[in-house]
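Let's walk through this one together, strand by strand. Keep the viewer open as you read.

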Amino acid sequence: MATGRGRALRLYGNRQAPAAEVAAPSAAAEVGAFTPAAAAVAAPRAGGPRNRSRSFAARPGECSEAINAGIKNLCLTPSMKPKPRLCIESIPSEMLMKIFSYLDAVSLLCVGCVNKHFYHLANDNGIWLRIYSSCFRPKRTIWKMTSEQTETVSLDCAALHDRKPGYWKKEYIFKQIAAVKTRVMRLVKPVDPYTGLPCKNKEAIKASGLSWIIVLRDKNGKEHIMEKANLSFKDTSVTILWYSTDWPCLDILSTLKLFGVTPLLPDQSRDPSKNGPRRRSLIAEYHLANLTESSVALGADKLVQLFSLNPGLLVGLWKEKNEIAFVMASLHYHQLLERSTLGSATVQYALPPNKPVLDDVDPEYGLHDYSLHLDMHGGSHTYLCGTFKSLFCRKDSVCPETCSFCPLSCSGLLPPHSDIANGYLRLTVVSLKDNTKHLPLIGTLGLSWETEAFKGNVKDCYVMDVTLLDEAGKPFWCFSAPVYMELSSKASSLYDYMGHIYTTDYADSEGKVCVELVWLEETKEYFIVNLVLYISTRKSGSKFSSYHLYYQTWKVTCGFTQTSISSAPIFLSLYRNVQRGVCVYLV
């Protein structure tokens with residue numbers, strides 16, 4: 001068999017290439033053509049056939065360069081238009097519907113948020129009716145059917161074709177929410193007799209899929225969401241701690257919003273997905289501008305400084321950098337589920353007003369049979385957990401008016417004020433004079449904190465949970481807030497306790513709490529020697545007695561000579577001995 005070189009020699013060895021043929025290789029190379037004649041011409045021939053073969057083999061590089069140039073030109077020359085890229089939106093609707101039919105409810109809701117086309121496809125009644133039928137099966141069935149028969153009946157029924165798109169989607173969502181609400185209400189129904197709060201708050205929070213996030217908003221309007229948190233459940237409150245290494249700069253922040261977050265479709269078999277559809281309920285909003293000046297400084301350790309914002313928020317700042325280290329929120333259980341789920345993203349849930357309770361107790365008594373549950377804790381450690389019953393305030397300590405001149409006291413109906421001042425009513429829980437009720441605390445007071453890299457404890461700080469119950473055993477005043485104690489300047493007047501006196505004060509729009517503690521150096525422990533609650537008369541006016549129930553409707557003022565008898569028969573019958581010069585009118 002002849003080789004390729006031999007065949008070229010036999011075919012073209014005795015042939016003399018014309019002038020036009022000699023110039024052909026350059027033109028052919030430009031268009032990428034290659035022929036054996038061009039290869040032969042590319043190597044100049046000298047002499048006879050023997051010399052031709054020698055010269056052809058002596059220059060293989062020129063031949064390979066021509067071949068490569070031709071192949072390169074062929075590859076670079078476009079022969080057809082590029083194929084268009086495939087996009088999922090270009091898939092026919094029938095195929096997309098088939099794909100969507102394999103998704104669960106949460107994934108289907110997420111797909112509907114992509115664009116309008118996907119939204120309309122994801123609202124298909126056939127898909128949602130299948131999901132609805134698989135989740136909510138009828139309790140009673142007359143006959144049994146296979147899954148294929150059930151699917152055929154569901155898709156061919158009139159309820160599928162006569163409904164608007166998205167009807168079964170709404171029905172499924174509403175029924176899921178109703179099922180979760182029923183499950184949660186069943187858990188919160190049992191009430192603890194000591195706290196007046198649901199016994200299974202932790203289980204109810206887990207059943208609803210409830211979690212809490214904070215949204216930091218800077219001065220430019222950008223929002224920073226913090227979701228990673230540690231939860232600590234106590235008897236009457238839950239403490240939430242957020243920490244991260246990616247906090248925004250404190251100087252550019254304007255507000256902090258606390259939200260309760262619940263999944264739209266909670267799944268009991270797995271943890272709530274952060275990427276699924278969720279609802280936000282605004283609980284509180286705080287202003288962070290000039291934080292160190294507008295807040296209350298609670299204390300500090302070697303690494304952080306603590307600042308408190310009402311209600312119940314604690315911000316820890318690094319000492320060196322003056323940046324956020326962590327954020328802690330204390331939430332009382334009283335109506336926590338309602339506040340965390342029934343509000344909107346912009347408006348807080350409005351708590352229902354306290355309804356006065358009409359009792360038949362002798363009007364000589366004011367507040368009676370009240371109970372207090374007090375918790376003092378600092379992170380994982382609990383210092384005090386106790387219940388105080390049979391709290392009362394007698395009539396001689398009660399007067400709704402705090403003015404210097406009261407017509408009722410002047411007329412003899414009520415004695416002069418004694419324990420009322422600045423619009424607050426006094427409830428003594430632990431008396432300084434009764435040492436049998438003085439309570440010791442377990443351990444040294446301090447508030448624990450942690451981040452991803454550090455842990456610490458700030459001394460003389462703790463979280464106070466107050467739950468005040470009325471005579472019917474219903475929560476009357478509840479709060480959970482971080483507080484601090486400071487050294488008092490006055491010396492101890494008690495002979496049983498020789499040590500420094502510390503005080504803790506808390507105040508909000510509904511009342512105040514004052515605590516006095518004595519530090520015993522011998523036993524290394526604190527004793528509560530005085531604990532007093534001051535309740536605002538605006539909040540407690542409807543709770544005193546039958547007199548205060550009427551006082552919500554009627555008001556007595558002095559300085560007038562006219563009496564509206566026709567509009568106040570009930571009030572005048574109760575207080576017919578009011579002296580002349582008192583005007584009774586309807587508020």
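**Hairpins first**

Start at glutamate 516, whose bridge partner in strand 22 is asparagine 530. That pair belongs to a longer ladder: strand 21 and strand 22 (residues 525-536) run antiparallel to each other and share 10 bridges. The two strands make a hairpin with four residues between them, and in that turn lysine 524 has a positive phi of about 60°.

Lysine 524 is worth a second look. Its salt-bridge partner is glutamate 521, and the closest N and O atoms of the two are 2.3 Å apart. How buried or exposed is lysine 524? It's partly exposed, with a relative accessible area of 46%. Glutamate 521 also counts as partly exposed, at 46% relative accessibility.

Now go to the other side of the ladder. Strand 20 (residues 501-507) is joined to strand 21 by seven bridges, again in the antiparallel sense. Aspartate 505, for instance, has cysteine 514 of strand 21 as its bridge partner. Here too you get a hairpin, this one with three residues between strand 20 and strand 21. So how many of the residues of strand 21 are buried? Eight of the 10 in strand 21 (residues 511-520) are, which leaves the strand mostly covered. As a reminder, strands of a sheet pair through backbone hydrogen bonds, either parallel or antiparallel.

**How far to trust it**

Before going on, keep in mind that this is a predicted model. The protein chain averages a pLDDT of 74, with 63% of the residues scoring at least 70. Over residues 14-58 the pLDDT drops below 50, and that stretch has 42 contacts in the model beyond near neighbours in sequence. Residues 145-155 are below 50 as well, with nine contacts of that kind.

**A four-stranded sheet**

Next, find the open sheet whose four strands come in the order 2-1-5-6, with antiparallel pairing. Strand 2 and strand 6 (278-287) are its edges, each pairing on one side only. From one strand to the next, the twist averages 25°. Zoom in on strand 1 (residues 211-218) and you'll see four bridges joining it to strand 2, antiparallel. Within this pair of strands, leucine 216 stands opposite histidine 224.

**Salt bridges around the sheet**

The whole structure has four salt bridges. One of them ties glutamate 223 to arginine 217, with 3.2 Å between the closest N and O atoms. Glutamate 223 is partly exposed, at a relative accessible area of 41%, and arginine 217 is partly exposed too, at 34%.

Another pairs glutamate 452 with lysine 228, the closest N and O atoms being 3.7 Å apart. Which parts of the chain does this pair link? Distant ones: glutamate 452 sits in the loop between strand 15 (446-450) and strand 16 (455-459), while lysine 228 is in the loop between strand 2 (223-226) and strand 3 (229-233), 224 residues apart. At 45% relative accessibility, glutamate 452 is partly exposed.

**One helix to finish**

Last stop: helix 10, which spans residues 125-135. At its start, a side-chain oxygen of aspartate 124 comes to within 3.0 Å of the backbone nitrogen of glycine 126. Glycine 126 is one of the buried residues of helix 10; the others are Asn125, Ile127, Trp128, Leu129, Ile131 and Tyr132.

Notes. Residues are numbered from 1 along each chain as its sequence is written. This is a predicted model: local features need pLDDT of at least 70, side-chain atom pairs count only at pLDDT 80 or more; totals for chains, interfaces and linings use all residues. Side-chain values use heavy atoms; hydrogens and water are left out. pLDDT is the predictor's confidence in each residue, from 0 to 100. Contact means heavy atoms within 4.5 Å. Buried means under 20% relative accessible area, exposed over 50%, partly exposed in between (1.4 Å probe, protein chains only). A polar contact is a pair of N or O atoms within 3.5 Å; within protein, one must be able to donate a hydrogen and the other to accept it, and residues adjacent in sequence count only if both atoms are side-chain atoms. A salt bridge is a side-chain nitrogen of Lys or Arg within 4 Å of a carboxyl oxygen of Asp or Glu. Two strands pair if DSSP finds at least two bridges between them. Axes are lines fitted to C-alpha atoms, for helices over the stretch in contact, and angles run from 0 to 180 degrees between N-to-C directions.
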